[in-house]
Each structure stands twice: as structure tokens, then as C-alpha cells.
Amino acid sequence: GIGVVLEAFKKLIQHDAGKFRLSIWGTRTEEKYARELSALEEEYPELISYEGNYTPDEIPEISKRIDVGLVPSYTETYCLVIREWLSQGVPCITTNYFGSEIIQDGTNGFVIPTGDADELC
């Protein structure tokens, strides 16, 4: 789902530049998105950054640095990431895949249609 996040980011910077910051943690697996993310980091260093992989021990510290967790997955069955953020009190925005029912829309986060960058905005 990183492509959806990057698409939404590009839309948001047109309207809300400077009102948010996007920090991305995890593995860069798709070369296409790795190049796109690098280009966006270079163009908007104050608004977007790739933080790299993280370990479970780092989750409490990371959770202090973020306001909301984005989990734009296309398929999951359990989604440990959502459970990690929620256990730290971080609300999540996620897509409506199997396993996203842990998010109570409007209570501990929001559920958006899978692959919909406009809804993420």
C-alpha cells in the first residue's frame, strides 16, 4: 500500500504543505516506490522521510513521535502493525482488508477503502 500513501502525499502537499509530516518505517521492497520515495524526500525533506526498518523494542519510542499510524495494506490476516500502534495508544488509518476489523471507525482510527488515495487524503 505504499503507492497509495505516496499518491495521497503528493495530493496533500498541493493543499496542506507544512501542516503535516510523513515518516515511513519498514522495508523498501518495491524498487519503483523506493525511487519515488527517494525523489520525494529530496524535493520535500521537511515533509517526508524514510526512517528504515524498526525492531519491536523501538515501537514505544516511535509511537511517541507520531500522531497516527497508516497501514494501507492490500492483504493481511492479523496485522501486527495495527496491534503494535494501538497498544501504544496510537490511532490508525487502515484499509478495509480481512483483519482490519480491530479498528473501530472513528473511535481508535479510521478504515478507508483499499487502494483509495483520495479517501486517505
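## Burial and overall form

In this predicted model, buried residues account for 40% of the 121 residues of the protein. The surface that the protein exposes comes to about 7,200 Å², and carbon and sulfur atoms supply 49% of that area.

For a chain of 121 residues, a compact globule would have a radius of gyration near 14 Å, and because the protein has 14 Å, its value agrees with that expectation. The C-alpha trace, followed along its principal axes, spans about 35 × 30 × 30 Å. As for charge, the protein carries 10 positive and 21 negative charges, and the mean positions of these two groups lie 3 Å apart.

## Order of helices and strands

The protein contains five helices and five strands, and a reader who follows the sequence meets them in the pattern α-β-α-β-α-β-α-β-β-α. When contacts between residues at least 6 apart in sequence are considered, 48% of them join residues that are at least 24 apart.

## Two nonpolar cores

In soluble globular proteins, nonpolar side chains tend to be buried together. The largest nonpolar core of this protein has 17 residues, and the members that touch the most other members are Phe9, Tyr44, Ile48 and Leu120. Two or more residues of this core come from each of helix H1 (2–16), strand E1 (22–25), helix H2 (31–43) and helix H5 (117–120), with H1 giving the largest share, six residues. A second core, separate from this one, has twelve residues, including Ile66, Val71, Cys79 and Tyr97.

Which residues does Ile48 contact, once its neighbours within four places in sequence are left aside? Ile48 is then in contact with Leu6, Phe9, Arg21, Leu22, Ile24, Leu37, Leu40 and Glu41. Phe9, one of these partners, is also among the core members that touch the most others.

## Ala8 in helix H1

Ala8 has its place in helix H1, and it is buried, because its relative accessible area of 2% is below the cut-off of 20%. Although Ala8 and Ala117 are 109 residues apart in sequence, their C-alpha atoms are 4.9 Å apart in space. Not counting residues up to four places away in sequence, Ala8 touches Ala117, Leu120 and Cys121.

## Two threonines compared

Is Thr94, which is found in strand E4 (residues 92–95), buried or exposed? Thr94 counts as buried, because its relative accessibility is 1%, and buried means under 20%. Its contacts, apart from neighbours within four places in sequence, are with Val71, Ile82, Ser100, Ile103, Phe110, Val111 and Ile112; of these, Val71 is included in the second core. Thr94 and Asp118 are 24 residues apart in sequence, and the distance between their C-alpha atoms is 13 Å.

Thr114, by contrast, is found in a loop, the one between strand E5 (109–112) and H5. With a relative accessibility of 31%, Thr114 counts as partly exposed, because this value falls between the cut-offs of 20% and 50%. Leaving aside neighbours within four places in sequence, Thr114 is in contact with Ser73, Tyr74, Thr95, Asn96 and Tyr97, and Tyr97 is included in the second core. The C-alpha atoms of Thr114 and Thr55 are separated by 26 Å, while along the chain these two residues are 59 residues apart.

Methods
Residues numbered from 1 in each chain as written. Predicted model: local features only at pLDDT ≥ 70, side-chain atom pairs only at ≥ 80, totals over all residues. Heavy atoms only, no water. Helix = DSSP H or I, 4+ residues; strand = E, 2+ residues; numbered from the N terminus. Rg over C-alpha atoms; globule rule 2.2 N^0.38 Å. Buried < 20%, exposed > 50% of the residue type's maximum accessible area, 1.4 Å probe, protein only. Contact = heavy atoms within 4.5 Å. Areas by Shrake-Rupley, 256 points an atom, 1.4 Å probe, with all protein chains shown as cover. Lys, Arg positive; Asp, Glu negative; His and termini not counted. Charge placed at Lys NZ, Arg CZ, Asp CG, Glu CD. Core = buried A, V, L, I, M, F, W, Y, C linked by side-chain atoms within 4.5 Å.
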